[in-house]
Amino acid sequence: MSDPMNVLAPEHRRLRIGDAWRDAAGGATFAVEDPATGKTIAEVADAGVADGLAALDAASAAMAEWAATPPRQRSELLTATYRALIGRSEEVARLITLEMGKPLAEARGEVAYGAEFFRWFAEEAVRVEGRYNTAPAGGYRILTVPKPVGPCVFVTPWNFPLAMGARKIAPALAAGCTTITKPAAQTPLTMLFLARIMEEAGVPPGVVNVVTTERAGEVVSALLADRRTRKLSFTGSTEVGRLLLRQAADNVLRTSMELGGNAALIVCADADLDVALDGAMVAKMRNIGESCIAANRIYVEEPVREEFTARFTERMGALSVGHGLDDGVDVGALIDEAAVTKLDELVADAVDRGARVLVGGERPDGPGHFYPPTVLVDVPEDARMLRTEIFGPVAPIISFTSDDEVMAQANDTEHGLAGYVFTRDLRRALRFAEGLETGMVGVNRGLISDPSAPFGGVNQSGIGKEGSHEGILEYLDVTYAAIDLP
């Protein structure tokens with residue numbers, strides 16, 4: 001097994017600020033571990049407030065020139081980044097697996113997905129349009145001009161260390177904004193590698209800054225308190241999102257918040273069970289279940305409950321668990337010990353309330369943060385796992401007998417990110433698609449993420465959209481000029 005760390009030289013494990021790779025003030029560092037072994041794989045710079053503000057200095061200094069850069073030139077730089085990522089896909093994927101834990105096949109998929117944001121927004125960069133028209137009452141003209149909002153602060157999660165940054169950086173650069181990204185402390189290496197790739201692709205200094213830190217609260221708070229920051233985009237828990245929204249309110253920042261989910265996956269009796277099983281496996285087990293759009297609650301209509309449960313349990317039990325870089329591994333390590341403990345507690349709570357474990361349910365011995373694919377049935381409505389994001393390979397199955405019943409259960413949550421429905425009845429599918437209180441619905445498919453589609457939730461699952469044409473609008477303000485023509 002080659003060492004994925006060979007692709008990221010020690011000098012590129014530091015902060016990327018302006019035109020330099022630099023140590024944190026005072027030289028502080030923190031350790032990054034391989035979650036499959038618990039061993040340290042790298043030390044990276046641990047930024048403080050002064051470092052964060054230095055990054056904002058760089059982003060602010062570069063803002064005017066980058067905003068004035070011709071859209072075609074910005075587009076070509078994004079295209080160059082896309083090509084570089086695809087050309088170095090295997091290196092990036094192995095680095096993702098090493099620091100995050102997902103199987104290598106999943107990491108390769110993330111690279112392809114993340115790279116696609118750069119290609120999509122390279123195309124969008126040259127299609128930002130205003131308008132010019134006669135006022136309805138006549139006598140003057142209305143001119144609207146889109147403008148970049150200004151320097152942006154991005155706070156990204158550990159579960160998709162490349163894609164979540166790409167989903168923010170690409171539209172921001174396409175719109176003409178400069179950026180500061182604070183990646184999760186568990187997975188900073190991939191974002192540093194992306195910054196290196198973008199530097200090599202020719203993105204000017206100060207446009208893409210990366211600040212790694214274990215002191216996220218104080219660093220991000222200082223950035224949000226500075227009037228030069230004009231946009232915050234965050235992907236993470238609803239709890240942290242609420243806190244950041246409060247801080248962003250002081251300077252009335254533009255915000256995009258992609259927060260927690262509690263997705264219901266509904267299997268109707270008229271569904272093609274082969275399609276439903278394939279979809280459920282993807283929706284539950286993509287990224288080891290560590291996904292905000294993962295199927296959190298699986299509802300199966302009573303006539304097919306027994307068959308679906310048996311077949312789903314068999315497939316879950318057949319998945320292999322191990323180090324993500326090893327051949328044949330389906331389920332890698334969870335991100336840290338807290339994630340494993342959470343799953344243990346959720347399963348124990350459900351069992352205490354009457355649920356039965358059909359497969360899995362006990363963490364294995366040995367090093368690393370592993371948890372086996374687990375299926376539970378007879379899960380009562382008051383079980384904690386039905387009320388919180390599981391974020392792991394644990395699947396509760398609940399039966400239902402009517403559409404109204406399951407719709408009410410699916411919508412009985414503060415979240416509203418994603419939902420899934422499997423049925424061969426078009427009218428039934430449309431009723432669920434319109435009735436589920438979510439920002440996204442998968443109909444007869446378990447994979448819904450696509451750079452060309454607007455990703456985002458409703459209720460306490462977030463604000464704004466990422467991807468698609470809507471994604472670039474999050475980084476644009478509109479100036480309106482009334483032009484007198486007597």
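## Strand pairing and the model

Two strands are said to pair if DSSP finds at least two bridges between them, and in this predicted model strand S10 (residues 231-235) and strand S11 run parallel, joined by five bridges.

The record gives a frame for what follows: UniProt lists residues 21-479 under "domain: Aldehyde dehydrogenase", in an unreviewed entry. Over residues 21-479 the chain is 41% helix and 20% strand, with the end C-alpha atoms 36 Å apart.

## Strand S8 and its two partners

Strand S8 (residues 179-182) is covered on both faces, with Thr-179 and Thr-181 buried on one side and Ile-180 and Lys-182 buried on the other. This division can be read against a general pattern, in which the side chains of a regular strand alternate between the two faces of the sheet.

One partner of S8 is strand S7 (residues 152-155), which pairs with S8 in the parallel sense over four bridges, and here Val-153 has Ile-180 of S8 as its bridge partner. Helix H5 (residues 163-175) belongs with these two strands, since S7, H5 and S8 make a right-handed β-α-β unit. Strand S9 (residues 208-210) also pairs with S8 in the parallel sense, over three bridges, and in S9 the residue opposite Ile-180 is Asn-209. From S8 the chain reaches S9 by way of helix H6 (residues 189-201), in a β-α-β crossover that is right-handed. Ile-180 is thus named in both pairings, with Val-153 of S7 and with Asn-209 of S9.

## Strand S11 and its neighbours

Strand S11 (residues 254-258) is mostly covered, four of its five residues being buried. In its parallel pairing with S10, Met-257 of S11 is the bridge partner of Phe-234, and helix H8 (residues 238-249) completes a right-handed β-α-β unit with S10 and S11.

S11 also pairs with strand S19 (residues 462-463), but these two strands run antiparallel and are joined by two bridges. Within this pairing, Glu-258 has Gly-462 of S19 as its bridge partner.

## Helix H7 and what covers it

Helix H7 (residues 216-225) has as its buried residues Val-219, Val-220, Ala-222, Leu-223 and Leu-224. In general, an α-helix has 3.6 residues a turn, so residues three or four places apart point the same way.

The cover over the buried residues of H7 brings together elements described above, as it includes S7, S8, S10 and H8, along with helix H1 (49-68). Among these, S7 and S8 pair with one another, while S10 and H8 are parts of the β-α-β unit that contains S11.

Note on methods. Residues are numbered from 1 along each chain as its sequence is written. This is a predicted model: local features need pLDDT of at least 70, side-chain atom pairs count only at pLDDT 80 or more; totals for chains, interfaces and linings use all residues. Side-chain values use heavy atoms; hydrogens and water are left out. UniProt positions are given in the numbering used here, feature names are shortened, and annotations may be inferred rather than shown by experiment. Buried means under 20% relative accessible area, exposed over 50%, partly exposed in between (1.4 Å probe, protein chains only). A crossover is right-handed if, with the strands pointing away from the viewer, the path from the first strand over the helix to the second runs clockwise. Contact means heavy atoms within 4.5 Å.
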